[in-house]
Amino acid sequence: MPDAIPNIPPYYDESGFFPIPDSPLAIQYAKQWKTVPLHHHAFDELVFVAQGSAVHTIIGENGKKQCCGLIPGDVFHVAPGEWHGYEHAGSLILYNLFLNRSVLEQKQSLLPCEFTLAGLLPLREKNGVRQKIHFSGSARDEAQKCLSRLHRELTLRPNNFRLAAGLALADFLLLVSRAKQIDGSNAFGSEPGIARTLARMQSSPESRHTLTTLAREAAMSMAAYKHKFAAATGLPPIEYLIRLRVERIRMQLENSERSMTEIAANCGFCSANHMIRTFRKYQNITPLQYRKMFRAQATLMEG
């Protein structure tokens, strides 16, 4: 595959993007090119990063250019007429949620309840800085499941697909509305190496990641990598990795019957004892105690 899209048009209207007649909603799920030149379109776009990394450039209504490193779990909004594009994409897979503003304002044909446009598209600027949302761990999985349902309904269009798609969209927007917005113009906006290593750690926290290999992948010295990584995330690289592993442990305790030894191996720990000590340090509870507590709460809610 070439590095960049050949002959990309600079402007897109609604034709070809909204296959369902009179629908305010469409969705794409696709791997992106390494470089997508700046372009703009006539509709709103809400983007969820499912896999990989990239640097996203957007030029707002005020003409201000902002660059933002993207990693799995990021969500951001592009308004009609805003120029944007991608660079340094590595295995980047996106859910692109397209919203036709004119149709949306006329009728709510795919929505089960009244959503205002402001409620649908909350990720605007704050103090001149573009905002985004980042879902991690189980929240990311939950958001991706909503979009997978939405994509399936709008692609296959079984009976009552409009209602099912509306419910999936409502579930996703509820997650977005409750998530904390962060500064999209983050410290690694111009550092694709930081975004690339963050994406790798998030996609495979169980793998062996050392400071040496991470700095090499980011094409930085170890000192520069540690400094820029901490500036972007607020944590040293290895501390960030440990927290990802703890979150992975928690998810497996909730959703599997695996033993402590199996979970330890799946989450990058050399032994069950090491995994148990680490989990207790960060969660103030042992893995078995957490599993029992989670199941007791789930049973109580079901009853």
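**From a strand residue to the nonpolar cores**

P37 is part of strand 3, which spans residues 36–41. The model discussed here is a predicted one. With a relative accessible area of 28%, P37 is partly exposed. Its C-alpha atom lies 9.4 Å from that of W83, although the two residues are 46 positions apart along the chain.

The wider setting can now be given. The protein comprises eleven helices and ten strands. Of its 303 residues, 46% are buried. Among contacts with a separation of 6 or more, 74% join residues that are 24 or more positions apart.

The buried part of the protein may be considered next. In soluble globular proteins, nonpolar side chains tend to be buried together. Here the largest nonpolar core has 26 residues, and the members that touch the most others are F48, L97, F135, L150, L154 and F172. At least two residues of this core come from each of strand 2 (25–31), strand 4 (44–59), strand 7 (83–99), helix 3 (137–156) and helix 4 (161–178). Helix 4 supplies the most, namely eight residues.

What does F48 contact once its neighbours within four places in sequence are left aside? The partners of F48 are G73, D74, V75, I93, L94, Y95, F135, R140, A143, Q144, L147 and F172. Two of these partners, F135 and F172, are themselves among the core residues that touch the most other members. A second core, separate from the one just described, has 16 residues, and L198, L214, L235 and L241 are included in it.

The packing of two helices deserves separate attention. Helix 5 (residues 192–203) and helix 7 (residues 222–233) have axes 10 Å apart and pack at an angle of about 70°. Helix 5 is therefore roughly perpendicular to helix 7. On the side of helix 5, the residues that meet helix 7 are I194, T197, L198 and M201. Helix 7 contributes Y225, K228, F229, A232 and T233 to this meeting. Sorted by class, the contact of helix 5 with helix 7 contains six nonpolar residues, two polar residues and one charged residue. L198 thus appears twice in this account: it is one of the helix 5 residues that meet helix 7, and it is included in the second nonpolar core.

The cysteines can be treated briefly. How many disulfides does the structure hold? The number of disulfides is zero. For C68, the nearest cysteine sulfur is that of C67, at 8.9 Å. Because a disulfide requires two cysteine sulfur atoms within 2.5 Å, C68 is in no disulfide. C68 is nevertheless buried, with a relative accessible area of 10%. C267 is buried as well, and its relative accessible area is 0%.

Two residues remain to be described for their backbone geometry. D22 has a phi near 60°, a positive value in a residue other than glycine. D22 is located in the loop between strand 1 (11–12) and strand 2. Is D22 buried or exposed? At 56% relative accessibility, D22 counts as exposed. H88, which is not a glycine either, has a positive phi of about 55°. H88 belongs to strand 7, an element that supplies at least two residues of the largest nonpolar core. At 46% relative accessibility, H88 itself counts as partly exposed.

Definitions and conventions: Residues numbered from 1 in each chain as written. Predicted model: local features only at pLDDT ≥ 70, side-chain atom pairs only at ≥ 80, totals over all residues. Heavy atoms only, no water. Buried < 20%, exposed > 50% of the residue type's maximum accessible area, 1.4 Å probe, protein only. Axes fitted to C-alpha atoms, helices over the stretch in contact; angles between N-to-C directions. Helix = DSSP H or I, 4+ residues; strand = E, 2+ residues; numbered from the N terminus. Parallel < 35°, antiparallel > 145°, perpendicular 65-115°, else oblique. Contact = heavy atoms within 4.5 Å. Nonpolar A, V, L, I, M, F, W, Y, C, P; charged D, E, K, R; others polar. Core = buried A, V, L, I, M, F, W, Y, C linked by side-chain atoms within 4.5 Å.
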